[in-house]
Amino acid sequence: MFIPDKERLAILEQILNEFRGVNSAAQRRRFKAALLRLGSVLTFELSRFLGIYNPPARKHELLHGEGWDIVTTREPVVTESGDKHSLGRFTLRATPKDLVI
């Protein structure tokens, strides 16, 4: 079953508390902070722990609007329900020259 370890959960909680808000700009800030602090993040973590309910849309905005280099891979994960899902893992390859969170 997929449950992030305690250290990872603490980082996600810190990011959520640090970058409050429901608009797309606040969600992008949480997404960027997660990539910078963790290196990669699952769609499940983004939606469940960071309140980002459309991670692919936020990734698109970061790629095409802000110049972040993020690659998506698929990863089989067993969730709390016991079901196996193929989740996206977003991995940071490079940040834009003028980094803004």
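**Exercise 1. Arg 30**

Determine in which helix of this predicted model Arg 30 lies, and which residues distant in sequence Arg 30 touches.

*Solution.* Step 1: Arg 30 belongs to helix H2, which spans residues 24-38. Step 2: when residues up to four places away in sequence are left aside, Arg 30 touches Ile 15, Leu 16, Phe 19, Arg 20, Gly 21, Leu 50, Gly 51 and Ile 52.

**Exercise 2. The charge of Arg 30**

Establish whether Arg 30 is buried or exposed, and which side chain of opposite charge is nearest.

*Solution.* Step 1: Arg 30 is buried. Step 2: the nearest side chain of opposite charge is that of Glu 61, 11 Å away. Step 3: a salt bridge requires a side-chain nitrogen of Lys or Arg within 4 Å of a carboxyl oxygen of Asp or Glu. Arg 30 has no salt bridge.

**Exercise 3. H1 and H3**

Classify the crossing of helix H1 (residues 6-18) and helix H3 (residues 43-50), and list the residues in contact.

*Solution.* Step 1: the two axes come within 10 Å and cross at roughly 55°. Step 2: H1 is therefore oblique to H3. Step 3: the crossing of H1 and H3 is right-handed. Step 4: H1 contributes Arg 8, Leu 9, Leu 12, Ile 15 and Leu 16 to the contact, and H3 contributes Glu 45, Phe 49 and Leu 50.

**Exercise 4. H2 and H4**

Classify the crossing of H2 and helix H4 (residues 55-66).

*Solution.* Step 1: the axes of H2 and H4 come within 10 Å and cross at roughly 85°. Step 2: H2 is therefore roughly perpendicular to H4. Step 3: residues making the contact include Gln 27 and Phe 31 of H2 and Glu 61 and Leu 62 of H4.

Terms used: Residues numbered from 1 in each chain as written. Predicted model: local features only at pLDDT ≥ 70, side-chain atom pairs only at ≥ 80, totals over all residues. Heavy atoms only, no water. Helix = DSSP H or I, 4+ residues; strand = E, 2+ residues; numbered from the N terminus. Buried < 20%, exposed > 50% of the residue type's maximum accessible area, 1.4 Å probe, protein only. Lys, Arg positive; Asp, Glu negative; His and termini not counted. Contact = heavy atoms within 4.5 Å. Axes fitted to C-alpha atoms, helices over the stretch in contact; angles between N-to-C directions. Parallel < 35°, antiparallel > 145°, perpendicular 65-115°, else oblique. Left-handed = near helix turned anticlockwise from the far one by under 90°.
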